Amino acid sequence: MSDSTVSHTVKNLESAFAGESMANRKYLYFARQCRALGAEEVAAVFEETAHQETAHAFGHLELLYPPESLTVEKMLALAVEGETYEYTEMYPAFRHTALEERNHAAVAEMDEQIVESQEHANRFAALLDKAAKRFAALTSVEKRHAGRYQQTLDARKK
Ligand SMILES: [Fe+2]
Ligand SMILES: [Fe+2]
């Protein structure tokens with residue numbers, strides 16, 4: 001398998017994941033609107049299909065992020081990276097365009113998303129920090145144990 005095959009397939013999986021994820025949220029939204037319009041049967045089919053789209057999206061994710069490759073720290077780092085991209089690059093650029101196009105509702109929406117993405121990034125970063133500190137504490141405890149064990153061994157040799 002050549003490198004380009006791998007990267008195309010990864011890109012395709014990312015697109016497929018995006019599509020299935022969007023279908024899930026769109027169908028749940030349509031279900032809500034159908035129910036408000038009194039179309040209960042259609043709403044139920046949209047909801048059932050939405051759940052199947054989630055299963056499709058998860059299948060793609062398992063190939064993109066194999067479970068055996070994931071640690072809690074890695075997942076937190078990926079989340080911080082994604083949210084940081086949103087509030088530092090993506091939404092500011094979208095806000096700029098919305099402003100140029102005088103779409104004030106969209107500007108307000110982008111501003112709201114900048115704040116929320118930053119909150120999400122901070123929340124994940126705090127957990128990542130906590131995990132790193134726990135790891136550092138654990139290693140220092142282990143170092144102390146190892147030191148004491150060595151002292152005991154040395155004492156016995158005397
Ligand atoms: Fe699907
Ligand atoms: Fe977010």
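In which helix does Glu-20 lie? Glu-20 belongs to helix H1, which spans residues 3–36. The legends below describe close-up views of a predicted model.

**Figure 1. The site of the iron ion (ligand 1) is formed by Glu-20, Glu-53 and His-56.** Two OE atoms of Glu-20, an OE atom of Glu-53 and the ND1 atom of His-56 coordinate the iron ion (ligand 1) at 2.1 to 2.7 Å. The arrangement is irregular because the four donor atoms subtend angles of 52 to 124° around the iron ion (ligand 1). Along the sequence, the donor residues follow the spacing E-x32-E-x2-H. Glu-53 and His-56 are three residues apart in helix H2 (residues 40–64), about one turn of the helix. Residues three or four places apart in an α-helix point the same way, because the helix has 3.6 residues a turn. Glu-53 has a relative accessibility of 11% and therefore counts as buried, whereas His-56, at 38%, counts as partly exposed.

**Figure 2. Glu-20 is a buried residue without a salt bridge.** The nearest side chain of opposite charge is that of Lys-26, 11 Å away. Apart from its neighbours within four places in sequence, Glu-20 is in contact with Glu-53, His-56, Ala-57 and His-60. Three of these contact residues, Glu-53, Ala-57 and His-60, are among the buried residues of H2. Helix H2 itself has 25 residues and reaches 36 Å from its first C-alpha to its last, close to the 36 Å expected at 1.5 Å a residue.

**Figure 3. The iron ion (ligand 2) has protein donors from Glu-83 and His-120.** Two OE atoms of Glu-83 and the ND1 atom of His-120 lie 2.4 to 2.5 Å from the iron ion (ligand 2). This pair links distant parts of the chain, since Glu-83 is in helix H3 (residues 72–100) and His-120 is in helix H4 (residues 104–157), 37 residues apart. Glu-83 is buried, with a relative accessible area of 14%, while His-120 counts as partly exposed at 37% relative accessibility.

**Figure 4. Val-80 is a buried residue of helix H3.** The relative accessibility of Val-80 is 18%, so Val-80 falls under the 20% limit for a buried residue. Leaving aside neighbours within four places in sequence, Val-80 is in contact with Ala-121, Phe-124 and Ala-125. Val-80 and Ala-126 are 46 residues apart in sequence, and their C-alpha atoms are 9.8 Å apart in space.

**Figure 5. A salt bridge joins Glu-47 and Arg-35.** Side chains of opposite charge can pair when their charged atoms come close. The N to O distance between Glu-47 and Arg-35 is 2.8 Å. Glu-47 lies in helix H2 and Arg-35 in helix H1, so this pair ties together parts that are 12 residues apart in sequence. Both residues are partly exposed, with relative accessible areas of 26% for Glu-47 and 34% for Arg-35. Together with Glu-40, Arg-35 and Glu-47 are linked in a network of salt bridges.

**Figure 6. Further salt bridges involve Asp-111 with Arg-95 and Lys-133 with Asp-129.** The closest N and O atoms of Asp-111 and Arg-95 are 2.5 Å apart. Asp-111 in helix H4 and Arg-95 in helix H3 link distant parts of the chain, 16 residues apart. In the pair of Lys-133 and Asp-129, the closest N and O atoms are 3.1 Å apart. Both Lys-133 and Asp-129 lie in helix H4, four residues apart, about one turn of the helix. Lys-133 counts as exposed at 56% relative accessibility, whereas Asp-129 is partly exposed, with a relative accessible area of 40%.

Definitions and conventions: Residues numbered from 1 in each chain as written. Chains lettered and ligands numbered in written order. Predicted model: local features only at pLDDT ≥ 70, side-chain atom pairs only at ≥ 80, totals over all residues. Heavy atoms only, no water. Donors = N, O, S within 2.8 Å, 3.2 Å for Na, K, Ca; no water. Tetrahedral: all angles 85-135°; square planar, octahedral: opposite > 155°, others 65-115°. Helix = DSSP H or I, 4+ residues; strand = E, 2+ residues; numbered from the N terminus. Buried < 20%, exposed > 50% of the residue type's maximum accessible area, 1.4 Å probe, protein only. Lys, Arg positive; Asp, Glu negative; His and termini not counted. Salt bridge = Lys/Arg side-chain N within 4 Å of Asp/Glu carboxyl O. Contact = heavy atoms within 4.5 Å. Expected span 1.5 Å × (residues − 1).
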